[in-house]
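Welcome to a short tour, with your viewer open beside the text. Each stop says what to select and what you will find there. Please load the model and get ready to click.

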Amino acid sequence: MTALAACDPAALTAPTSSPAPAARPEVRSARSRDLQRYYLAVQNDLLANGLLRTDGGGPDTPFDADDLVRNFERIAFFDEYSRGGRGGGTLSRWEVPVRVGIEFGPSVPPAQRNKDDADIRAYVARLARITGHPISVTDRRTNFHVFVAGEDDRDFVQNRMRQLVSGVSDSELSLFRDLPRSFYCFVVAVSDRRNPNAYVHAAALIRAEHPDLVHLSCIHEELAQGLGLPNDSPQVRPSIFNDDDEFALLTTHDEMLLRMLYDPRLSPGMTAEQARPVARIIANELMGTGS
């Protein structure tokens, strides 16, 4: 469902903000309508199988401090999509304030823009409360660009990426141009050239063709992964960081992972082995089980 890569050759810039393109009144393309039908069928099938849960877990998904430590390592120190695979890597997160900019493709109608804008703003505020890190939505000097765009908005996204990314390569643009149908959404995070474990820019793409719940699920997962939890694991539960789509929205378990990630007792660049003793202390505190 997601992809996160640290593409350090290109640095996202903060150009002068441009006005959002007006929604186009014309009918969407046949391919866009086909995708909309496909994703609606996917959502219906997932719901029929008891997936895309919004309850955050329950008695059937217990976890303790030991689980939290193991899951934190699986999600924070591995990245299945990074160049060369970042298995067993080091801790990465934002050290500078995260300034989220929301951009809509021309095919996205006004009603959806209004809903998405409200949903993203509410979720960004929640992420700021959880992490204790400065995260906000703004239209000035943005460094985390959230695109909500449809199949018919490829040219718009390509042009905006060229404006936002200095020296962006064709291969990097292809992530936004040629996204396969099996990828519902994705995020790319860019590290500081001087500090490869500190994110300084990110860009996420949320497909406009998704039905409501999958659409909101993409917002939840991509923004959280773009903060420094890049991996998915079938062993992590209850969590959105799991490709089985059991949970649609950020869970209490996931909130704890984010709190661990941004706890000042952990530092970017730590290995899993270095972080483990501190992570265990934090996990016990979060679970109320002492040390």
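Let's begin at one residue and look around it. Select Val 148 and show its contacts: leaving out residues up to four places away in sequence, Val 148 touches Glu 103, Phe 104, Gly 105, Val 108, Gln 112, Asp 116, Ile 120, Ile 206, Ala 208 and His 215. Keep in mind as you look that this is a predicted model.

Color the strand around this residue next. Val 148 sits in strand S5, which covers residues 144-149. Is Val 148 buried or exposed? Its relative accessibility is 0%, so Val 148 counts as buried. Now add Leu 205 to the selection and draw a C-alpha to C-alpha distance: Val 148 and Leu 205 are 57 residues apart in sequence, yet 6.1 Å apart in space.

**Zoom out for a moment**

Show the whole chain as a cartoon. You should find 8 helices and 8 strands. The chain has 291 residues, and 53% of them count as buried. How much of the contact network joins residues at least 24 apart? Among contacts between residues at least 6 apart in sequence, the share is 75%. If you switch on the surface, its accessible area comes to about 12500 Å², with 51% belonging to carbon and sulfur atoms.

**The strand pair S7 and S8**

Select residues 185-192, which form strand S7, and then residues 195-207, which form strand S8. These two strands pair in the antiparallel sense over 8 bridges. A hairpin of 2 residues joins S7 to S8. For one rung of this ladder, pick Val 190 and look across to S8, where its bridge partner is His 201. How many residues of S7 are buried? The count is 8 of 8, so this strand is mostly covered.

**The disulfide**

Stay with S7 and show Cys 185 as sticks together with Cys 218. A disulfide joins the two, with 2.2 Å from S to S. The chain has 1 disulfide by the distance rule used here. Turn the view to look along the S-S bond: the angle about it is -85 degrees, and the link of Cys 185 and Cys 218 is left-handed. Which parts of the chain does the pair tie together? Cys 185 lies in strand S7 and Cys 218 in helix H6 (residues 212-225), so the link connects parts that are 33 residues apart in sequence. Both Cys 185 and Cys 218 are buried.

**Helix H2**

For the last stop, select residues 65-76, which make up helix H2. This helix has 12 residues and reaches 16 Å from its first C-alpha to its last, close to the 16 Å expected at 1.5 Å a residue. At the start of H2, show Asp 64 and Asp 66: a side-chain oxygen of Asp 64 reaches to within 3.1 Å of the backbone nitrogen of Asp 66.

Next, show the side chains of the buried residues of H2: Ala 65, Leu 68, Val 69, Asn 71, Phe 72, Glu 73, Ile 75 and Ala 76. What covers these residues? The cover includes helix H7 (252-261) and helix H8 (272-287).

Finish on Asn 71, which lies in H2. With a relative accessible area of 3%, Asn 71 is buried. Setting aside neighbours within four places in sequence, Asn 71 is in contact with Gln 235, Val 236, Arg 237, His 253 and Leu 257.

Technical notes:
Residues numbered from 1 in each chain as written. Predicted model: local features only at pLDDT ≥ 70, side-chain atom pairs only at ≥ 80, totals over all residues. Heavy atoms only, no water. Helix = DSSP H or I, 4+ residues; strand = E, 2+ residues; numbered from the N terminus. Buried < 20%, exposed > 50% of the residue type's maximum accessible area, 1.4 Å probe, protein only. Contact = heavy atoms within 4.5 Å. Areas by Shrake-Rupley, 256 points an atom, 1.4 Å probe, with all protein chains shown as cover. Disulfide = S-S within 2.5 Å. Pairing = 2+ DSSP bridges. Expected span 1.5 Å × (residues − 1). Polar contact = N/O pair within 3.5 Å; in protein donor to acceptor, adjacent residues only side chain to side chain.
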